[in-house]
Amino acid sequence: MTYRHLLVERSADGHVVTVTLNRPEQMNAMNTAMGEDLLACFDALQHDRDARAVVFTGAGDRAFCAGGDLKERNEMTDETWRAQHVIFERAASRVLKCPVPVIAAVEGFALAGGCELAVLSDFIVASETAVFGVPETTLAIFPGIGGTQLLPRILGAPLAKELIFTGRRMKADEAKAVGLVNHLVPKGQARARALEIAETIAKNGPIAVRQAKKAIAYGLETDLETGMILAIEAYNATVVTEDRREGVRAFNEKRKPRFKGQ
């Protein structure tokens with residue numbers, strides 16, 4: 001597909017997809033067209049059997065994403081604003097529910113909706129230049145694509161409340177220390193490190209990885225007993241696959257497995 005404000009690239013084998021927010025002059029701020037692009041892109045990934053991991057990043061080195069494009073929004077009526085936000089909500093849901101792991105690679109600012117896009121991903125690789133924040137309340141706006149729900153789950157309620165209520169920014173070293181960021185790397189290296197991790201994931205059994213993501217996502221939202229049932233269902237869906245048989249054969253034959261997603 002052709003996108004207006006996204007760049008979508010694939011590795012040579014097609015298993016790693018890189019999705020780049022592409023409005024660098026506007027610090028990759030989300031306008032309506034970008035929201036529509038994100039929705040279409042992650043909609044397509046729902047049905048992409050070749051994809052095994054996604055690297056989600058921003059063009060340039062100034063920002064992953066600075067949030068919603070408030071210059072565009074300045075001229076909107078309340079009705080138009082709400083209609084745009086429905087697009088953002090649907091796009092955010094697709095990122096969160098992407099069936100394969102999504103790794104956010106953050107250089108520079110990840111603010112407001114940009115911070116929320118990062119935490120909608122499965123985990124974050126950030127450079128030392130990264131700055132995170134959800135400053136919507138400072139403009140009498142609300143973190144509208146998941147920040148009030150995801151940040152407390154990642155950071156714990158007290159710290160998430162502080163960040164959301166005050167709007168203060170969090171630099172990369174603090175984000176790493178509190179668990180918002182998995183890997184902290186030098187300036188300019190976030191995408192490369194995220195691609196390394198994505199390639200490692202892509203070498204593993206794709207059905208097993210998809211089932212593991214599903215089990216973790218749904219298990220976290222329920223009690224332990226129900227979560228264990230979900231995990232056994234995921235195990236049973238994986239154990240009957242040809243990939244599982246190939247993995248055991250490869251182990252016994254002392255070679256690398258060749259997984260086909262079957």
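Student: In this predicted model, at what angle do helix α5 and helix α6 pack, and how far apart are their axes?

Tutor: Helix α5 (residues 147-155) and helix α6 (residues 157-166) pack at about 140°, and their axes are 7 Å apart.

Student: Why are α5 and α6 called oblique to each other?

Tutor: The label roughly antiparallel requires an angle over 145, and roughly perpendicular covers 65 to 115. The angle here is about 140°. It falls in neither range, and therefore α5 and α6 are oblique to each other.

Student: What is the hand of the crossing in which α5 passes α6?

Tutor: The crossing of α5 past α6 is right-handed.

Student: Which residues in α5 and α6 meet?

Tutor: From α5 there are Gly-147, Thr-148, Leu-151, Pro-152 and Leu-155, and they meet Ala-157, Leu-159, Ala-160, Leu-163 and Ile-164 in α6. By class, this contact of α5 with α6 has eight nonpolar, two polar and no charged residues. Gly counts as polar, so Gly-147 in α5 belongs to the polar group.

Student: What makes α1 roughly parallel to α3?

Tutor: The axes of helix α1 (residues 32-45) and helix α3 (residues 78-96) cross at roughly 30° and come within 8 Å. Angles under 35 degrees count as roughly parallel, so α1 is roughly parallel to α3. The crossing in which α1 passes α3 is left-handed.

Student: Which residues in α1 meet α3?

Tutor: Thr-32, Gly-35, Glu-36, Leu-38, Leu-39, Phe-42 and Asp-43 are the ones in α1; in α3 their partners are Gln-84, Ile-87, Phe-88, Arg-90, Ala-91, Arg-94 and Val-95. The contact of α1 with α3 has seven nonpolar, three polar and four charged residues. Glu, Asp and Arg count as charged, so Glu-36, Asp-43, Arg-90 and Arg-94 are in the charged class.

Student: How do you know that α9 is roughly antiparallel to α10?

Tutor: The packing angle of α9 and helix α10 (residues 224-239) is about 170°, and the axes are 9 Å apart. Angles over 145 count as roughly antiparallel, so α9 is roughly antiparallel to α10. In this contact, Ile-207, Ala-208, Gln-211, Ala-215, Tyr-218 and Gly-219 in α9 meet Gly-227, Leu-230, Ala-231, Ala-234, Ala-237 and Thr-238 in α10. The residues of the contact are eight nonpolar, four polar and no charged. Tyr counts as nonpolar, so Tyr-218 goes with the nonpolar residues.

Student: How much space lies in the largest pocket?

Tutor: The largest pocket holds about 1,200 Å³ of space. It is lined by 35 residues, and those closest to its centre are Leu-96, Asp-122, Lys-213, Ile-216 and Ala-217.

Student: Which element gives the largest share of the lining of the largest pocket?

Tutor: α9 gives the largest share, 10 residues. At least two residues each come from α4 (113-120), β7 (123-127), α5 and α9 (206-219). By class, the lining of the largest pocket has 20 nonpolar, seven polar and eight charged residues.

Student: Which residues are the closest to the centre of the second largest pocket?

Tutor: The second largest pocket holds about 440 Å³ of space. Of its 23 lining residues, Gly-67, Gly-68, Ala-112, Gly-113 and Glu-136 are the closest to its centre. α3 gives the most to this lining, with three residues.

Student: What makes the largest cavity a cavity?

Tutor: A cavity is a set of points where a 1.4 Å probe fits but cannot get out, whereas a pocket is an open set. The structure holds one cavity of 30 Å³ or more, and the largest cavity has a volume of about 40 Å³. Its lining is made up of Cys-115, Phe-132, Gly-133, Val-134, Leu-151, Leu-163, Met-170 and Leu-180. That lining divides into seven nonpolar, one polar and no charged residues. Gly counts as polar, so Gly-133 is polar.

Student: What is the phi of Met-27?

Tutor: Met-27 has a phi of about 55°, which is positive although Met-27 is not a glycine. Met-27 is in the loop between β2 (16-21) and α1. Ala-112, in the loop between β6 and α4, also has a positive phi, near 55°.

Methods: Residues are numbered from 1 along each chain as its sequence is written. This is a predicted model: local features need pLDDT of at least 70, side-chain atom pairs count only at pLDDT 80 or more; totals for chains, interfaces and linings use all residues. Side-chain values use heavy atoms; hydrogens and water are left out. Axes are lines fitted to C-alpha atoms, for helices over the stretch in contact, and angles run from 0 to 180 degrees between N-to-C directions. Helices (H or I, at least four residues) and strands (E, at least two) are DSSP runs, numbered from the N terminus. A crossing is left-handed if the near helix is turned anticlockwise from the far one by less than a right angle, and right-handed if clockwise. Contact means heavy atoms within 4.5 Å. On a 1 Å grid over the protein atoms alone, a cavity is a set of points where a 1.4 Å probe fits but cannot get out, and a pocket is an open set with protein on both sides within 12 Å along at least five of seven lines; lining residues have an atom within 4 Å of a point. Grid points are joined across faces, edges and corners, and a volume is the space filled by probe spheres set on the points.
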